[in-house]
Amino acid sequence: MTKQSSGRRQHIAIYIYGPTGGGATRRTLTLAGGFAKLGHRVDLVVVEATGHLAEDLPDGVQLVALDSPLLLLAKGMKKRMRRLRIKLSGLALGRYLWRERPDVLLSAANHVHLTALIAARLSFAPVRVVLRVSNHLTGSHLGDSERQRPIRLKFARRVYGWADAAIAVSQGIADDLVEHTKLSREQVCAVTNPTYTPEIESAATAPLDHPWVAPGAPPLLLGAGRLAPAKDFATLLRAFARVRARRLVRLVILGEGNKRAELENQLNELGIEADVEFHGFVDNPFAWMSRASLFVLSSAWEGSPGVLVEAMACGCPVASTNCPSGPNEILAGGRYGPLVPVGDDAALADAIIGALDAVVDCDVLRARAREFDVDRAVEGYLEVLLHDT
């Protein structure tokens, strides 16, 4: 029994946009379930109550959908207006904090931090605010507009200092926070993501009906994530075209996003449309990972990409860009898979071919993945969340 589970029952509020599909949201739900399992009262406070993962709410976690006239007016807004809906949720979040008085508010995603901090300050509720920081402060979560980004960055640097503490998902993120905000080194802690569970390995054995994973099929490369600039699937497609020119191989990319049409056009330009499939969001990516010859991460930036850990947990070899930050820490400087420069499709293609030809001990990969287990992460989070209780 951990120190946190043996004390009094705490009320932990976790604020995110909603139970939408994606690795970051899955890990937030995993944390919420871990806190509840130890006896804490857990509210998942959301702007939008619907999404791919709405049915996966862990036992003991209460879903609290914020409600206000402004949010009702914005209900029909397109997905690209999500940032505006987050801002409009601030008053409702402040009312929730004043009414429910949780012991701590965990702001669990970069794009909600500013709203969480402002709402907590204006509510005058005696709540400890902790940020879960999953990307560098200079990352795209501060806005898509190049003109607005410096203003938002300056504002964020100041406002982040209002937090009581921050949990970074990698040491690289922790260092970036200390350098660019008013948070001190003592206020910032790096805790690995709650990624590995034994259920991953069992889910990996689930049936998968697709001709590209049939016995005797050519080697299958796998990518996964939002079809968004951060994941830089454009570089992966260029690298794949280089590999495909040298040998028979196929590529499946799991995930959805606003770059899909652009990436599909790139397929046609590269002449690789017959050997690449955008498969969309799937409930069980682990069945794909266990059957892929190689998982490839092509990201331009990350926080701590759990998909690398998940792929290794499924016994799948991995290759990755050495983007800031996370892959270098997860792969131990290349010990568990090759690392290449960001945006370098030629280097990525060479790494893919080298990894396909290498002899890999899958048990070593699984052992590394288990170092990112849920219990360790939950304990690390609770040490920060309940530090003053």
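In the predicted model, strand 11 and strand 12 (residues 318-321) run parallel and are joined by three bridges. Within this pairing, Leu297 has Ser320 of strand 12 as its bridge partner. The connection from strand 11 to strand 12 passes through helix 13 (residues 306-313), and the resulting β-α-β crossover is right-handed. On its other pairing, strand 11 is linked to strand 8 by two bridges, again in the parallel sense, and here Leu221 stands opposite Leu294 of strand 11. The side chains of strand 11 are divided between two directions, with Leu294 and Val296 pointing one way and Phe295 and Leu297 the other, and all of these residues are buried.

These pairings belong to an open sheet of six strands, arranged in the order 10-9-8-11-12-13 and paired in parallel. The edges of the sheet are formed by strand 10 (276-280) and strand 13 (339-340), each of which pairs on one side only. Helix 10 (residues 233-244) packs on the sheet, where it touches strand 8 (220-224), strand 9, strand 10 and strand 11 (294-297), and the direction of this helix makes about 170 degrees with that of strand 9. Helix 15 (residues 345-357) likewise packs on the sheet, touching strand 8, strand 11 and strand 13, with a direction that makes about 160 degrees with that of strand 11.

Helix 15 includes Leu348, a residue that counts as buried because its relative accessibility is 0%. When neighbours within four places in sequence are left aside, the contacts of Leu348 are with Thr235, Leu236, Ala239, Val296, Ser298 and Val340. Among these partners, Val296 is itself one of the buried residues of strand 11 and points the same way from that strand as Leu294. The C-alpha atom of Leu348 is also separated by 9.3 Å from that of Val243, although the two residues lie 105 residues apart along the chain.

Towards the edge formed by strand 10, strand 9 (residues 250-254) and strand 10 run parallel and are joined by four bridges, and Leu254 stands opposite Gly280 of strand 10. Strand 9, helix 11 (residues 260-270) and strand 10 together make a right-handed β-α-β unit. The side chains alternate along strand 10, such that Val276, Phe278 and Gly280 point to one face and are buried, whereas Glu277 and His279 point to the other face and are not buried.

A further packing arrangement involves two helices, helix 2 (residues 23-37) and helix 17 (residues 374-385), which pack at an angle of about 75 degrees with their axes 10 Å apart. Helix 2 and helix 17 are therefore roughly perpendicular to each other. The contact is made by Thr30, Leu31, Gly34 and Phe35 on the side of helix 2, and by Val374, Val378, Tyr381, Leu382 and Leu385 on the side of helix 17. By residue class, the contact of helix 2 with helix 17 comprises seven nonpolar residues, two polar residues and no charged residues.

Notes:
Residues numbered from 1 in each chain as written. Predicted model: local features only at pLDDT ≥ 70, side-chain atom pairs only at ≥ 80, totals over all residues. Heavy atoms only, no water. Pairing = 2+ DSSP bridges. Contact = heavy atoms within 4.5 Å. Axes fitted to C-alpha atoms, helices over the stretch in contact; angles between N-to-C directions. Buried < 20%, exposed > 50% of the residue type's maximum accessible area, 1.4 Å probe, protein only. Right-handed = clockwise from strand over helix to strand, strands pointing away. Parallel < 35°, antiparallel > 145°, perpendicular 65-115°, else oblique. Nonpolar A, V, L, I, M, F, W, Y, C, P; charged D, E, K, R; others polar.
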